[in-house]
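I opened this notebook to record what I looked up, one part at a time. The entries follow the order in which I went through the structure.

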Amino acid sequence: MYRYTTPYPVEAKPSLPDKCRPIIRYHEESFGYLVAFPSGKVGMYKHSVLPLLVKGATIEECRPHLLSQLSVPTEFHFSTPLMAWLEITRKCNLQCPHCFVEGGQKRSSELSTGRILQLLEEWAEMGVFSVVITGGEPTIHPDFITIVRHAYELGFAVSIATNGMALRPKLLDQIPQDDVIISMSIDEAHGQGAARGVSDFEYVTQRLLQVRDYGFNTSIMTTTTHENARGLERIIDWALANDISLRSVPFVPMGRGSLYRMMLNTTADVELAARFWLAEEKWERVRDHKLGLCTGKIFNFLLTMVFASRRCMSGRGLCYVDSSGDVYPCTTCSGARVLCGGNVQYNQFQDIWKNDENWAIRRITWKDFEKTCQDCPINDDKYFCTGRCPGSSSVHNNTLNGCGMTEFLRRSVLRREELFRENVRSEPRVEAVPSFLISSDEEIGGKA
């Protein structure tokens, strides 16, 4: 079982979302404790919060112990990743043009099921909050159910990223439902519906409804491209109408995607993509209240930490382990094959995670991008630029400290900010980093 968990108070359980386990997850950090409540709130707390965590206190009771200041040296990272992607195989029954892992064939030396289960146990011992089971197509793995059930029994919040083609009742009957989200892609680039004479949209939406009606929390994953820009409104409208979560990412030409650069968005797509993003953002604020702890909420916490700490949280708060055992800071670094920290076939994960000296991602901060960003119109604190990304920079520039943005993305940030201020007018939703202010290059702090 997960090393650091406490049952949530019985009287507080009625206030929790459905399909979440009423447990508090936490682990120790140098500053105190990183805590994930069953509602999905994630926060940094002083050491003084421990007696409350042990007895299973509510988030309201713990609030006075929120951290107010944090020292951030260059190599700052959490003692364990909060979330981890686990690619259990690269084998896939599709050949998607934008696939960053080039799914199709197994890697030449993939992790054994025994090593995968052991790795999950290492993560549970360290205090990882959430695991994403992915591929390739994870349901193709002969021990898919064994792996998912082991992750669940260890106490993780589990996400399954699948094309949905194998999700029949016989398989669904074996997957736990609490703290589990099943995500499928809709971006008109997968081809799930081709053999059945229907569009990808028709095929995946039908399968999502079947899985939802079976009792699971479900989510849409969308890669936004130039080719699907005009179909994005239909996707978000369907998600709202059917009460299904949605997360999107822009296409990055890496992996097999490097052969399909025509999928990159152009500046002509800015308005369509920005309005889709705004609708997604507004829907997330509604739909997330119905979810407990999940990767989306943890990722939002880490995005807030990126802005507050002035450094990427890849390799500091999350990681990606591919099916050969290579440990990367994130999905983008995995797709670009840069900044590998080690391999779990040869080392324990904890030894790789703690190895600051040899993991280059730990030495890269926003300072390394100062020259790159100095004349950029979004180099301003009122914008959240994701371009200071070593992985994206490696794709676009073959360097680690160049601009990770395309002109489309740069203009999209400007337009998104305009739309956000006009339509939402609220501050970030993350409990975790309350009112953090940058006080120096080495320290962040603020009042809770």
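**Entry 1: helix 7**

I began with helix 7, residues 232–241, and listed its buried residues: L232, I235, I236, W238 and A239. I then checked how they are placed around the axis; they cover an arc of only 160°, so they sit on the same side of helix 7. I note here that the model is predicted.

Next I looked at the face turned away from that buried side, where I found the exposed residues E233 and A241. I also asked what the buried residues of helix 7 pack against. The partners are helix 6 (200–213), strand 10 (217–224), strand 11 (245–250) and helix 8 (270–287). Past the end of the helix I checked the backbone: D243, just after helix 7, takes a positive phi of about 55°.

**Entry 2: helix 6**

Since helix 6 is among the partners of helix 7, I took it next. I counted 14 residues in helix 6 and a reach of 20 Å from first C-alpha to last, close to the 20 Å expected at 1.5 Å a residue.

Which residues of helix 6 are buried? I found D200, F201, Y203, V204, T205, R207, L208 and V211. The cover over these buried residues includes helix 5 (169–172), strand 9 (180–185), strand 10 and helix 7. Strand 10 thus appears in my notes for helix 6 and in those for helix 7. Just after helix 6, I noted a positive phi of about 115° at G215.

**Entry 3: strands 2, 3 and 4**

I moved to strand 3, residues 32–36, and asked whether it is buried or exposed. I found 5 of its 5 residues buried, so strand 3 is largely enclosed by the rest of the structure.

I then went through its neighbours. Strand 2 (residues 23–29) runs antiparallel to strand 3, and 5 bridges join the two. A hairpin of 2 residues connects strand 2 to strand 3. For one bridge I wrote down the residues: E29 has G32 of strand 3 as its partner.

Strand 3 also pairs with strand 4 (residues 42–45), in the antiparallel sense and over 4 bridges. Here I noted Y33, whose bridge partner in strand 4 is Y45. The hairpin of strand 3 and strand 4 has 5 residues between the strands, and in it G40 takes a positive phi near 105°.

**Entry 4: R107**

I looked up R107 and placed it in the loop between strand 6 (83–87) and helix 3 (113–126). Its relative accessibility is 11%, under the 20% cut-off, so I entered R107 as buried.

What does the side chain of R107 meet in a polar contact? I found the side chain of E87, at 2.9 Å. Leaving aside residues up to four places away in sequence, R107 touches E87, R90, V101, D322, S323, S324 and R337.

**Entry 5: salt bridges**

I searched the whole structure for salt bridges and got 21. I wrote up three individual pairs.

The side chains of R310 and D381 form a salt bridge, with N to O at 2.7 Å. R310 is in the loop between helix 9 (295–309) and strand 12 (318–321), and D381 is in the loop between helix 12 (370–373) and helix 13 (390–397), so the pair ties together parts 71 residues apart in sequence. I checked the accessibility of each: R310 counts as buried at 17%, whereas D381 counts as exposed at 53%.

For R362 and D356, I found the side chains in a salt bridge of 2.6 Å, N to O. R362 is buried, with a relative accessible area of 0%, while D356 counts as partly exposed at 25%.

The side chains of E407 and R410 also meet in a salt bridge, at 2.7 Å from N to O. Both lie in helix 14 (residues 407–423), 3 residues apart, which is about one turn of the helix. At 37% relative accessibility I entered E407 as partly exposed, and at 17% I entered R410 as buried. I then noted a network: salt bridges with shared partners join E271, R275, R415 and E418.

Definitions and conventions
Residues are numbered from 1 along each chain as its sequence is written. This is a predicted model: local features need pLDDT of at least 70, side-chain atom pairs count only at pLDDT 80 or more; totals for chains, interfaces and linings use all residues. Side-chain values use heavy atoms; hydrogens and water are left out. Buried means under 20% relative accessible area, exposed over 50%, partly exposed in between (1.4 Å probe, protein chains only). Two strands pair if DSSP finds at least two bridges between them. A polar contact is a pair of N or O atoms within 3.5 Å; within protein, one must be able to donate a hydrogen and the other to accept it, and residues adjacent in sequence count only if both atoms are side-chain atoms. Contact means heavy atoms within 4.5 Å. The arc is that of the directions from the helix axis to the C-beta atoms. The expected span of a helix is 1.5 Å times one less than its number of residues. A salt bridge is a side-chain nitrogen of Lys or Arg within 4 Å of a carboxyl oxygen of Asp or Glu.
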